[in-house]
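Trainee: I have a model open on my screen and would like to practise reading it with you. Could we go through it one question at a time?

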Amino acid sequence: MKTPGFVNVVLGQFENQTESFNEAQVFDALRTARESYGDFTDEDFKGFQAEVSAFFFYERRNCDSPWGTYFAPTFTGTRTDGTTVNSPDIKELDTEVVAHWEARAKESKNPVLRARYADLVWDLSRPITDQRPDVQYARIAIDSYLEAAERGFYTIEVGGIQSIERALDLALSISDKERVKRTVDFMFAFYDRIASPQHVGTWVFLFDDLHGRKDLITSEREGEIVARLEDMLSKVCDRNNKETFDPWGAEAAAERLATHYRRQGDERGVTRVVKAYGEAFEHIAHEAKPMLAMVWLQSVFEKYQQTGLKDDAERVQLKVQEKAKNTAADMQEVRAEVRLSKEEINSYLNWIASGDLRTSLLRVAGRFIPDVSDARGFLAEMVEKFPLQALIGVVRIDDAQIVAQARSVEDDQEGRLHMQLAQNIQISQVFLVMSLQKLRERHNPTVVQLLEFLYESPVFSGADKEMLADGLTAYQEEDFVKAVHVLIPQIERLLRALLTLMGIPTSKLVRGQPGIMQLKNINDILSDQRVRKSLGENLWRYLQVFLADKRGINLRNRVAHGLLNVKEFNRPVADQVFHALLALGLIREAAKAEEIDSA
């Protein structure tokens, strides 16, 4: 294979370099040099591609690449036709490229380059050529990774750790006991060289890679790991030393030590390290802003509870509630202005109320079920246009405590989707209230007429008609406290009626009490995949978010537990409950569903 001259010049510079560098810098240097080079011949392009690809692959220790390999594409995307694009892509490489890497692995002087070439041969030969690589390349890679770490060829300490961990994985994969032992011994020496209390990543690797591995270390060496971790916990919990005090480091050390002491049956040890970590966070939360303090202390509260520290958990819970009293002052108001002309609004409301009462009710019922695809689209746009914002988790605060939280958009898609749907419901609520007001002005529906509409759905055959009429009467008379308290249980009853229509049992066994049955609640019903399929995603998620998901509005549970004050039983809330009834009224037998679709 012919390699362009400028490629050899760039690689020669790295071969002779004595200062630390990483593979990404080699790739950048090759790409920069390419910009001043003219057109490639096919042969030159292949030589360039063999080298630039070698340093563009991304390492995945858990081997979850598209090819089940350690080396993965740095970029993966999807074309408009649905096909997947990987860069680099092993489909563009062949036997000649692998042979080129083999030669480079044997002739490279620098351990960083030598390790990369050799590991590429060992890891990618089979998926590229369908041929098993020679084990010598695994050995070259192991020795080169250790040499690179020993000589300090890493731009950050974590890079050196990554090299050693890869060497260990390779040595284990080829059952090379001598190289396994050499790598393990070097890990202890490397820890002593780089471990710093200020950088958690420099000292957790020894525990994460070796603790509990009787095939790799003796009990004495495991004791050394625990002693090192205890020493680090002491340093990061020292509130008198500003340079080393780090509650997050304390959490990292305590979690690992707690794992060790649980295995040993040492509950006192578990309690000690958990309290050390918790007290570090309690210390910084004391002077922190309310929102930050609540998030930090909530985690400590949960850890105390899990460890059986009931008194400490209650003490922290009271601190959270105290901090929550001042959260309003800690929050900033964010406004997004949407301009709609009076003519546009009136035109929409007139359309909603046009025609007969039945048509208007159908329109209101259908228009205000939130569109899940819209919410997903909004979150996808956030990831694309505001990636940093998408990485930040979200919490819900109610009654002076954190009642729900969701991680980043990528890590907690379900949680963020439900939080977004809740927000969309609350935004559209303004227009729902206006639409129902217009409907009442135009049609002045009676309770009897509303019941006639609802009972078109077979689901309502399972309703308590008197209770339903009583709740609707209270709604019409603006007795919203009564209306909400009566209608929400009826919605849950209607969902159980849906189970009956579908031939699904309405009861379940009581956990821990064999032979005892109880009726399924709204969460049981809406978690049933058959129900979800029957309702469609928009409707089941709407009911879940509005009524029974703590990440959403969760109205059913908040009402049941007495968490709403009288002012919260208002027109918008009552209208939304009424709308949920209307939405259930859209359910029809399959043969009659077309009529609803056309309306």
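**Rings, cores and empty spaces**

Mentor: Gladly! By the pairing rule used here, there are 22 aromatic pairs, and do keep in mind that this is a predicted model.

Trainee: Let's take F55 and Y117, then. What kind of pair do their rings make?

Mentor: A pair of aromatic rings is described by the distance of the centres and the angle of the planes. For F55 and Y117 the centres are 5.6 Å apart. Their planes meet at 80 degrees, and planes over 60 degrees apart count that way, so the pair is edge-to-face.

Trainee: Where in the chain do F55 and Y117 sit, and how many residues apart are they?

Mentor: Both F55 and Y117 are buried. F55 belongs to the loop between α3 (42-54) and β1 (58-59), while Y117 is in helix α5. The pair therefore links distant parts of the chain, and the separation is 62 residues.

Trainee: And F57 with W67: what is the geometry there?

Mentor: F57 lies in the loop between α3 and β1, and W67 in the loop between β1 and β2 (71-72), ten residues apart. The ring centres of F57 and W67 are 6.2 Å apart. With planes at 80 degrees, this pair is edge-to-face.

Trainee: Is F57 buried or exposed?

Mentor: The cut-off for buried is under 20% relative accessible area. F57 has 3%, so F57 is buried.

Trainee: Nice. Which residues of the largest nonpolar core touch the most other members?

Mentor: In soluble globular proteins, nonpolar side chains tend to be buried together. The largest nonpolar core here holds 105 residues, and its largest share, ten residues, comes from helix α5 (residues 111-129). The members that touch the most others are F55, W101, F190, W203 and L210.

Trainee: Which residues is L210 in contact with, apart from its neighbours within four places in sequence?

Mentor: Here we set those sequence neighbours aside. The contacts that remain for L210 are L168, V184, M187, F188, L216, I217 and I225.

Trainee: How many residues are in the second, separate core?

Mentor: That core includes L361, F480, L494 and I525. Its size is 73 residues.

Trainee: On to the empty space. Which element gives the most to the lining of the largest cavity?

Mentor: Rolling a probe the size of a water molecule over the atoms shows where empty space is left. The count comes to one cavity of 30 Å³ or more, and the largest cavity has a volume of about 40 Å³. Its lining divides into seven nonpolar, one polar and one charged residue. With three residues, the element that gives the most is α20.

Trainee: Which element gives the largest share of the lining of the second largest pocket?

Mentor: The second largest pocket has a volume of about 730 Å³, and of its 29 lining residues the closest to the centre are G366, R367, F368, I369 and P370. By class, the lining has 17 nonpolar, six polar and six charged residues. The largest share, five residues, comes from α20.

Trainee: Last one: which residues does Q544 touch, not counting those up to four places away in sequence?

Mentor: Q544 lies in helix α26 and is buried, with a relative accessible area of 8%. Beyond the residues up to four places away, Q544 touches H418, N523, L526 and D549.

Conventions: Residues numbered from 1 in each chain as written. Predicted model: local features only at pLDDT ≥ 70, side-chain atom pairs only at ≥ 80, totals over all residues. Heavy atoms only, no water. 1 Å grid on protein atoms, 1.4 Å probe; cavity = no way out; pocket = protein on both sides within 12 Å on 5 of 7 lines; lining within 4 Å. Points joined across faces, edges and corners; volume = space filled by probe spheres on them. Helix = DSSP H or I, 4+ residues; strand = E, 2+ residues; numbered from the N terminus. Nonpolar A, V, L, I, M, F, W, Y, C, P; charged D, E, K, R; others polar. Core = buried A, V, L, I, M, F, W, Y, C linked by side-chain atoms within 4.5 Å. Buried < 20%, exposed > 50% of the residue type's maximum accessible area, 1.4 Å probe, protein only. Contact = heavy atoms within 4.5 Å. Phe/Tyr/Trp six-rings, centres within 6.5 Å; stacked < 30°, edge-to-face > 60°.
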